[in-house]
Amino acid sequence: MDTGPLPLAPRISGRTELIVHLGHPTQGFRSPLIYNPWFAARGIDAVVVPMACRAEDLAALLPALMRLDNVRGALITMPLKVAVVALLDEASAAVQVAGACNAVRRGPEGRLQGEQFDGEGFVRGLRRRGLDPAGARALVVGCGGVGSAIAAVLAGAGAGELQLFDEQATRAAALAARLRRHFAGVTTTLPAAPDPQGLNLVVNATPLGSRAGDALPFAVDRLSPATFVGEVVLQPAVTPLLAAARARGCRTLAGEDMLFEQIPAYLAYFGLPPATPDELRRHALPAT
C-alpha cells in the first residue's frame, strides 16, 4: 500500500561532517529526528549520530572522537553531562555555574571547549514570547543541572532578582554562591518555600509533572495572570503545571519549546547554517 513520500534521509559521503550524540541509553534520543531531516532538506552535508556511551567509558571515548577531522562536535546528554566537565580544557560560565555541559567542540590546538545550552534555549523562548528577563523577578524551583543553567543565563541577561528553591536547601545555597562568583551584582534569595506571588517569572526545573500523580512544584492559586510560567519537563507536552497556569491566564513556555529553542544555538556553536525553531519543528520526524 502506498503510504506517501518517504521522509528525507541524510546522504552520507566521505565529506559528511559528524555531530556525535553521547549518552546512555540512546533509544529516547530525539536529536537525529530533528537535526537530520533539517540537514537533508537544506542540503547540509552533516549528520547527527547517536552513540551509546556509558559514564565509565566517556574519558577514553570523547577525546579520541574529538581528534577526528570530520567530527564537528558532540551533544552530551544523561548520564554524562556532569562527568564531561572534568574532561574540558575550557568551560563557559554557564557550564561552571551549572556543573554540567551539553555541547563540546574542538577549539584551537585541539582544546576541548564546553557549553551549556539548556538555559540559553529557555531564555530565547522567553524573549520570543515577549518576556525580557532584564530586571525581572524570577523564581527557579529545582537547582540541579537544568535549573542551574537557566539561573545562570537569567543572571547574565540582567534578571533583577533570582529566588532559588530546592528540596535540598544546600543545593540552592551552593547555586547562589556560584552565581555571585560568576555574575557580580546578581541578587539571589533563598525562600523557605516556593511562592510565585508577585513575580514576573517562575520556572519548574524539577521532574515534577513527568509522572501521573506528581505534586505541583508550587501553589498555582498564588499565580497572577501577569506571571510567566516556564517548564522543563518534556513529556507530557502539557504538564499539570502548564495546564493550571494557562487556566489562570499565564503565558507559558513548555519543555519541548525549550528543546527547539536551543537547537539554533547548537548550530551556531558548531559553525553550521542557521535555522529557526519553527523551521526545525516543520521538518522534525515524530518520536517513536
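## The six-stranded sheet

Six strands are arranged in the order 9-8-7-10-11-12 as an open sheet with parallel pairing. Strand 9 (188–189) and strand 12 (252–253) lie at the edges, each pairing on one side only. The model described here is predicted.

Within this sheet, strand 7 (residues 137–141) runs parallel to strand 8 (residues 161–165), and five bridges join the two. One of the paired positions is V141, whose bridge partner in strand 8 is F165. In general, the strands of a sheet pair through backbone hydrogen bonds, in either a parallel or an antiparallel sense.

## Helix 7 across the sheet

Helix 7 (residues 240–247) lies across three strands: strand 10 (201–204), strand 11 (228–231) and strand 12. Relative to strand 11, helix 7 runs at about 165°. Because angles over 145 degrees count as roughly antiparallel, helix 7 is roughly antiparallel to strand 11. Strand 12, which helix 7 lies across, is also one of the two edge strands of the sheet.

## The packing of helix 4 and helix 5

Helix 4 (residues 118–128) and helix 5 (residues 145–156) have axes that come within 7 Å and cross at roughly 55°. Helix 4 is therefore oblique to helix 5. The crossing of helix 4 past helix 5 is right-handed.

On the helix 4 side, the contact involves D118, G119, E120, F122, V123 and L126. These residues meet V146, A149, I150, V153 and L154 of helix 5. By residue class, the contact comprises eight nonpolar residues, one polar residue and two charged residues. The charged members are D118 and E120, and the polar member is G119, because Asp and Glu count as charged and Gly as polar.

## Strand 1 and its partner

Strand 1 (residues 17–23) is largely enclosed by the rest of the structure, since five of its seven residues are buried. The criterion for burial is a relative accessible area under 20%.

Strand 1 pairs with strand 2 (residues 46–52) in the parallel sense, over seven bridges. Among the paired positions is V20, which has V49 as its bridge partner in strand 2.

## An exposed position in helix 6

T170 belongs to helix 6 (residues 169–182). T170 has a relative accessible area of 65% and is therefore exposed, the threshold for that class being over 50%.

How far apart are T170 and R15 in sequence and in space? The two residues are separated by 155 residues in sequence, and their C-alpha atoms are 49 Å apart.

How values were computed. Residues are numbered from 1 along each chain as its sequence is written. This is a predicted model: local features need pLDDT of at least 70, side-chain atom pairs count only at pLDDT 80 or more; totals for chains, interfaces and linings use all residues. Side-chain values use heavy atoms; hydrogens and water are left out. Two strands pair if DSSP finds at least two bridges between them. Helices (H or I, at least four residues) and strands (E, at least two) are DSSP runs, numbered from the N terminus. Contact means heavy atoms within 4.5 Å. Axes are lines fitted to C-alpha atoms, for helices over the stretch in contact, and angles run from 0 to 180 degrees between N-to-C directions. Angles under 35 degrees count as roughly parallel, over 145 as roughly antiparallel, 65 to 115 as roughly perpendicular and the rest as oblique. A crossing is left-handed if the near helix is turned anticlockwise from the far one by less than a right angle, and right-handed if clockwise. Buried means under 20% relative accessible area, exposed over 50%, partly exposed in between (1.4 Å probe, protein chains only).
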